[in-house]
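Dear colleague,

I am passing on the structure we spoke of, and I would be glad if you could look through it alongside the notes below.

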Amino acid sequence: MQEIPSNCHAEFYYSLQISATVYTATVMPDCRPWFNSHTVSLFQKNNVLKIPKSIQPLIDDGLVDEVIRSLMSGKEAQVFLVRCGNEVCCAKVYKDVVDRSFKKAVQYHEGRQARNSRRQRAMENRSKFGRDQQEVVWQSAEADALVRLAAAGVRVPKSYGLIGGVLLMELITGADGEVAPRLNDISLSSEQAIKDHATVMSFVLRMLCIGLVHGDLSEFNILQDSQGPVIIDLPQVVNAAANNSAKTMLIRDVANVTQYYSRFAPELADTHYAEEMWQAYEKGEIRPDLPLTGKFEFPTEAADVDAVLHLIDVAYEEEQERQERMGSH
Ligand SMILES: Nc1ncnc2c1ncn2[C@@H]1O[C@H](COP(=O)(O)OP(=O)(O)O)[C@@H](O)[C@H]1O
Ligand SMILES: [Mg+2]
């Protein structure tokens with residue numbers, strides 16, 4: 001049984017239970033997500049939409065009243081605008097594991113633990129049950145991350161919970177009240193770019209403070225609302241301590257974001273926030289208010305070539321001796 005996340009809106013109570021293939025969602029009366037004040041009329045339905053199979057149970061349970069339209073269909077998921085009472089929210093429906101890049105999934109799964117060891121073994125064995133388990137872990141990773149990130153002070157959509165493979169969450173709207181644009185869809189002044197870049201760096205730092213690396217951060221997975229950047233798309237979130245690729249992913253995440261903002265403020269291009277953060281993380285000095293400079297001293301000592309050559313010689317001699325010994329038998 002999953003506890004109601006503390007950042008879940010007070011009027012939206014539910015209890016949620018996920019097992020291998022079934023879900024139960026117990027909904028208390030009048031538990032509708034509550035949103036600011038944008039109304040359904042802003043999101044006109046342009047054509048009749050067939051209700052996606054996975055959203056139907058949410059309609060049957062009264063959590064969702066109507067599917068307004070499909071917002072986006074990406075590599076990993078399809079996102080719908082849905083109406084809950086008088087308000088509009090986002091329903092993210094995950095694609096099956098077979099539709100996702102397997103190689104990518106394996107890299108991200110490293111270091112992820114299922115909540116019990118039988119599930120863990122099944123995941124490792126890659127049986128049908130194992131794949132289902134991996135699917136549950138993958139889907140709940142995003143809902144869990146949204147709750148943890150919000151608690152750590154990172155701006156993300158509020159999660160209303162994962163129900164039968166559908167993540168219900170707050171719809172982020174832009175300054176005009178419409179669905180918020182992605183960074184890729186907007187232009188910024190150089191001052192705004194510098195300010196927002198610093199904001200995103202502080203989000204990346206706060207994530208690392210709770211041991212997480214986004215893993216797919218870029219101008220496509222950050223929305224812009226009236227207060228600035230909002231991070232989205234977290235099913236691949238990586239556990240920094242348990243995943244060997246975490247440092248590489250952190251560097252890539254920060255490089256993507258920096259490259260984007262440096263289109264508007266070229267001076268940002270020559271910064272090294274990821275290396276700076278990772279060094280603090282490795283030294284155990286990471287904290288949310290760590291003052292970041294973007295400067296990093298890369299190690300300058302040249303590799304000790306003589307020592308390396310010596311090691312190669314030793315290994316070569318050992319191998320020769322081994323071959324000789326084998327030949328003499
Ligand atoms: N909470 C949200 N509010 C507004 N738009 C969203 C929200 N979540 C997702 N979107 C839109 O849906 C798109 C796809 O969602 P995303 O979580 O990035 O999934 P994918 O894995 O398919 O990229 C995003 O680029 C964004 O435009
Ligand atoms: Mg995305």
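What follows is a short account of the confidence, the strands and the ligand surroundings.

Please bear in mind from the outset that this is a predicted model. The mean pLDDT of the chain is 81, with 76% of its residues reaching 70 or more. Over residues 1-42, however, pLDDT stays under 50, although the model has 75 contacts beyond four places in sequence for that stretch. Where pLDDT is low, the predicted coordinates should not be read in detail.

As for the overall layout, the chain holds 8 helices and 11 strands, and 33% of its 329 residues count as buried. Among contacts with a separation of 6 or more, 60% are made by residues 24 or more positions apart.

I looked most carefully at the strands around β5. Strand β5 (residues 87-94) has 6 of its 8 residues buried, so it is largely enclosed by the rest of the structure. On one pairing, β5 runs antiparallel to strand β4 (residues 77-84), to which 8 bridges join it; within this ladder Q78 has V93 as its bridge partner, while C84 is partnered by E87. The hairpin of β4 and β5 has 2 residues between the strands, and there G85 adopts a positive phi near 65°. On another pairing, β5 is joined by 5 bridges to strand β7 (residues 166-170), again in the antiparallel sense, and A91 has L168 as its partner in β7.

Strand β4 is itself mostly covered, with 6 of its 8 residues buried. Besides pairing with β5, β4 pairs with β3 in the antiparallel sense over 6 bridges, where R69 stands opposite L81 of β4, and the hairpin that joins β3 to β4 does so through 3 residues.

These strands return in the surroundings of ligand 1. Of the 22 residues around the ligand, M72, G74, E76, P157 and D233 come nearest, and the elements that contribute two or more residues to this shell are β3 (66-73), β4, β5 and β7. Sorted by class, the shell around ligand 1 comprises 14 nonpolar, 2 polar and 6 charged residues. Because domain 1 (14-170) and domain 2 (183-282) both give residues to that shell, ligand 1 lies between them.

With best wishes

Note on methods. Residues numbered from 1 in each chain as written. Chains lettered and ligands numbered in written order. Predicted model: local features only at pLDDT ≥ 70, side-chain atom pairs only at ≥ 80, totals over all residues. Buried ≥ 20, exposed ≤ 12 C-beta atoms within 10 Å, placed from the backbone. Helix = DSSP H or I, 4+ residues; strand = E, 2+ residues; numbered from the N terminus. Pairing = 2+ DSSP bridges. Contact = placed C-beta atoms within 7 Å. Near = placed C-beta within 6 Å. Nonpolar A, V, L, I, M, F, W, Y, C, P; charged D, E, K, R; others polar. Domains from an automatic or database assignment. pLDDT = per-residue confidence, 0-100.
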